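Trainee: I have a new model open and would love to go through it with you. Could we take it one question at a time?

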Amino acid sequence: MAELTLDSITKVFTEDDGNEIVAVDDVDFEIADGEFLVLVGPSGCGKSTTLRMVAGLETITEGEIRLGGRRINDKPPAERNIAMVFQSYALYPHMTVKQNMSFGLEESTDMSDDEIDEIVTDTAEMMGIANLLDRKPDDLSGGQQQRVALGRAIVRDPEAFLMDEPLSNLDAKLRATMRTELQRLQEDLGVTTVYVTHDQTEAMTMGDRIAVLDDGILQQVGTPLECYHTPNNYFVAGFIGEPSMNFFELDVEGDALVGEHFEYPISDQLRGAVSGSDSVTLGIRPEDVEFRADAMPTEPTDFACTVDVVEPTGDANNVYLTFDDDNSDEPRTFIVTVSGMDRVESGDKVVARFPESAIHLFDEFSGEALKNRSLEDVESVDISI
């Protein structure tokens with residue numbers, strides 16, 4: 001096991017016409033020994049390219065990759081002591097499960113057949129696939145194939161695991177099950193792991209830390225709670241979280257933030273955050289909007305609204321609201337999340353409050369966070385007996 005360091009990694013692709021495309025731009029972070037880091041971002045952001053550079057499947061244009069303090073830029077994939085699990089599983093269809101799991105050890109080590117058999121059998125039992133060793137991939141379900149692919153990586157006893165969207169081919173229920181299994185497995189093995197996904201729910205639920213990429217540029221590295229509650233910028237705030245954060249573009253005018261649908265008072269606490277800015281974006285997460293039915297606004301941060309659409313999800317309702325003073329042909333909606341036990345219907349008149357402690361402010365032009373909610377506001381759960 002070892003720490004993994006990406007030191008100012010850049011990847012530039014050159015097209016046939018000589019045009020250069022920067023796929024990964026000066027990415028820099030360190031993954032601790034035994035840490036589970038999730039690399040997340042939208043399609044085309046450079047996360048898989050970053051993973052392939054670590055694996056040795058893509059050359060590095062600039063920068064350095066170190067594994068356990070050793071520079072591995074110029075080492076071929078077979079000499080990096082890294083195991084990779086692909087989205088497609090990449091199992092040999094003509095081989096049995098046992099042969100698939102044994103193949104890498106047979107080709108890259110001088111271990112005896114008996115030693116290989118023992119390792120493969122022990123790993124198969126740990127993965128719950130010991131009864132499948134004589135089957136071929138076509139005879140396996142998607143979840144079973146995924147376990148075989150993981151088992152094939154585990155038998156190599158690598159210094160690091162790289163996983164490129166390994167659950168994307170599974171149905172929703174099996175994905176949830178496999179997320180839990182992967183977390184438990186990684187904790188038991190204690191192997192440094194980089195996991196790539198475009199699914200921010202996977203990132204939030206699986207990673208010790210998250211690295212958020214956009215357009216090849218690293219936006220933030222932090223714990224799931226840090227990225228959720230204290231995003232570095234507008235992009236991270238909008239990408240992390242489902243439903244997404246609500247955003248409102250406002251101008252800084254005197255003692256208020258003024259927008260098309262409402263004015264938000266600038267308190268002494270907010271004044272420092274917006275000083276020097278002419279325009280800002282106010283953000284608030286759907287669960288942070290205080291929602292009251294059959295009520296009238298009583299505070300400057302209260303806004304009269306009408307329920308447009310209700311999306312029940314069982315444990316919660318996602319309620320889409322419009323501002324009552326919005327007379328446009330296509331009124332602006334925003335989302336509030338309330339308990340699934342709350343009865344809310346289209347057309348209901350309600351009040352939405354944006355508590356100052358819960359709002360975020362971002363620079364209108366750079367997207368940089370000017371104000372976030374404090375992590376101290378997030379109550380910890382006491383599970384002591």
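Mentor: Happy to! One definition to begin with: a residue is buried when its relative accessible area is under 20%, exposed when it is over 50%, and partly exposed in between. Keep in mind too that this is a predicted model.

Trainee: Then let me try that on Glu-181: is it buried, exposed or partly exposed?

Mentor: The relative accessibility of Glu-181 is 26%. Buried requires under 20% and exposed requires over 50%. Glu-181 therefore counts as partly exposed.

Trainee: Stepping back to the whole chain, what percentage of its residues are buried?

Mentor: Let me set the scene. The protein chain has 9 helices and 21 strands, and its C-alpha atoms fill a box of roughly 80 × 50 × 50 Å along the principal axes. Of the 385 residues, the buried share is 46%.

Trainee: And among contacts between residues at least 6 apart in sequence, what percentage join residues at least 24 apart?

Mentor: Start from the contacts in the protein chain whose partners are at least 6 apart in sequence. Then keep those that join residues at least 24 apart. The share is 65%.

Trainee: Back to Glu-181: which residue forms a salt bridge with it?

Mentor: In general, side chains of opposite charge can pair when their charged atoms come close. For Glu-181, the closest N and O atoms of the pair are 2.8 Å apart, and the cut-off for a salt bridge is 4 Å. The partner is Arg-147.

Trainee: How many residues apart are the two along the chain?

Mentor: The pair links distant parts of the chain. Arg-147 sits in helix 4 (residues 142-154), whereas Glu-181 belongs to helix 5 (residues 172-189). Their separation is 34 residues.

Trainee: Is Arg-147 buried or exposed?

Mentor: Its neighbours beyond four places in sequence are Met-127, Ile-129, Met-178 and Glu-181. The relative accessible area of Arg-147 is 16%, and the limit for a buried residue is under 20%. So Arg-147 is buried.

Trainee: How do helix 4 and helix 5 run relative to each other, roughly parallel or roughly perpendicular?

Mentor: The two pack at an angle of about 15 degrees, with their axes 12 Å apart, and the crossing is right-handed. Angles under 35 degrees count as roughly parallel. Helix 4 and helix 5 are therefore roughly parallel.

Trainee: How many nonpolar residues does the contact of helix 4 with helix 5 have?

Mentor: Helix 4 brings Gly-143, Gln-146, Arg-147, Leu-150 and Ile-154, while helix 5 brings Leu-174, Met-178, Glu-181, Leu-182, Leu-185 and Leu-189. By class, 2 of the residues in this contact are polar and 2 are charged. The nonpolar count is 7.

Trainee: Helix 4 also packs with helix 2, so which residues of helix 4 make that contact?

Mentor: Helix 2 and helix 4 pack at about 30 degrees with axes 8 Å apart, which means that they are roughly parallel. Helix 2 passes helix 4 in a right-handed crossing. Helix 2 contributes Val-97, Asn-100 and Met-101, and from helix 4 come Val-148, Gly-151 and Arg-152.

Trainee: Which residue forms a salt bridge with Lys-98?

Mentor: The closest N and O atoms of this pair are 3.6 Å apart. The link runs from helix 2 (residues 97-108) to helix 3 (residues 113-127), across 19 residues. Lys-98 is partly exposed at 30%, and its partner, partly exposed at 28%, is Asp-117.

Trainee: Where does the salt-bridge partner of Arg-175 lie?

Mentor: The side chain of Arg-175 meets Asp-199 at 3.4 Å, N to O. Arg-175 is in helix 5 and counts as buried at 14% relative accessibility. Asp-199, 24 residues away, lies in the loop between strand 8 (192-197) and helix 6 (200-206).

Trainee: How many salt bridges does the count come to?

Mentor: The pairs we went through are part of the picture, including Arg-175 with Asp-199. There is also a salt-bridge network that links Asp-7, Glu-64, Arg-66, Arg-71 and Asp-74. The count comes to 19.

Key
Residues are numbered from 1 along each chain as its sequence is written. This is a predicted model: local features need pLDDT of at least 70, side-chain atom pairs count only at pLDDT 80 or more; totals for chains, interfaces and linings use all residues. Side-chain values use heavy atoms; hydrogens and water are left out. Helices (H or I, at least four residues) and strands (E, at least two) are DSSP runs, numbered from the N terminus. Buried means under 20% relative accessible area, exposed over 50%, partly exposed in between (1.4 Å probe, protein chains only). Axes are lines fitted to C-alpha atoms, for helices over the stretch in contact, and angles run from 0 to 180 degrees between N-to-C directions. Angles under 35 degrees count as roughly parallel, over 145 as roughly antiparallel, 65 to 115 as roughly perpendicular and the rest as oblique. A crossing is left-handed if the near helix is turned anticlockwise from the far one by less than a right angle, and right-handed if clockwise. Contact means heavy atoms within 4.5 Å. Ala, Val, Leu, Ile, Met, Phe, Trp, Tyr, Cys and Pro count as nonpolar, Asp, Glu, Lys and Arg as charged, and the others, Gly among them, as polar.
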